[in-house]
Amino acid sequence: MLAPDCPNAAAAKTALTEALHELELTVPVVERVGDFPSPTVLVDGVDVMNDHAGAPEMRACRLDVPTIPKLLAALRSRTAEA
């Protein structure tokens, strides 16, 4: 999820692509643009940065950009549960 004017969105997209590649996962990635804390990466509806379900409706540019280690941990956790 991203706000169109957030400069951190590109870094989050790159990190997500790298994490998916590292884990050899081919999964659908849905990009939503709107009034969300941006960038927010949800794995099965859970924010990888704070473990909360969903994202609040608010336009904001996050400073806590999802990192590759955080994304790997979230993806590994969800694939282990599947």
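Colleague: Which residue forms a disulfide with Cys6?

Modeller: In this predicted model, the sulfur atoms of the two cysteines concerned lie 2.4 Å apart. A search of the whole structure finds 1 disulfide, and the partner of Cys6 in it is Cys61.

Colleague: How many residues apart along the chain are Cys6 and Cys61, and where does each of them lie?

Modeller: Cys6 belongs to the segment before H1, whereas Cys61 is part of strand S4, which covers residues 60-61. The link, which is right-handed with 60° about the S-S bond, thus joins distant parts of the chain, and the two cysteines are 55 residues apart.

Colleague: Is Cys6 buried or exposed?

Modeller: Its partner Cys61 has a relative accessibility of 40% and therefore counts as partly exposed. For Cys6 the relative accessibility is 8%, and because the cut-off for burial is under 20%, Cys6 counts as buried.

Colleague: Where on helix H1 do its buried residues fall when they are seen down the axis?

Modeller: The buried residues of H1 are Ala9, Ala12, Ala15, Leu16, Ala19 and Leu20. Seen down the helix axis, these buried residues fall within an arc of 130°, so they line one face of the helix.

Colleague: Why does Thr17 count as exposed?

Modeller: Thr17 is found in helix H1, on the face turned away from the buried side of that helix, which also carries the exposed residue His21. The cut-off for an exposed residue is over 50% relative accessible area, and Thr17 counts as exposed because its relative accessibility is 53%.

Colleague: What distance does H1 reach from its first C-alpha to its last?

Modeller: H1 has 14 residues, and at 1.5 Å a residue the expected span is 20 Å. Just after this helix, Glu24 takes a positive phi of about 55°. The span of H1 in the model is close to the expected value, at 20 Å.

Colleague: Which helices each supply at least two residues of the largest nonpolar core?

Modeller: The largest nonpolar core has 12 residues, among them Ala15, Leu16, Val41, Met49, Leu71 and Leu75. At least two residues of this core come from each of two helices, namely H1 (9-22) and H2 (68-81).

Colleague: Leaving aside its neighbours within four places in sequence, which residues is Ala74 in contact with?

Modeller: Ala74 is one of the residues of the largest nonpolar core, which also includes Val43 and Val48. Once the neighbours within four places in sequence are left aside, the contacts of Ala74 are with Val43 and Val48.

Conventions:
Residues numbered from 1 in each chain as written. Predicted model: local features only at pLDDT ≥ 70, side-chain atom pairs only at ≥ 80, totals over all residues. Heavy atoms only, no water. Core = buried A, V, L, I, M, F, W, Y, C linked by side-chain atoms within 4.5 Å. Buried < 20%, exposed > 50% of the residue type's maximum accessible area, 1.4 Å probe, protein only. Helix = DSSP H or I, 4+ residues; strand = E, 2+ residues; numbered from the N terminus. Contact = heavy atoms within 4.5 Å. Expected span 1.5 Å × (residues − 1). Arc of directions from axis to C-beta. Disulfide = S-S within 2.5 Å.
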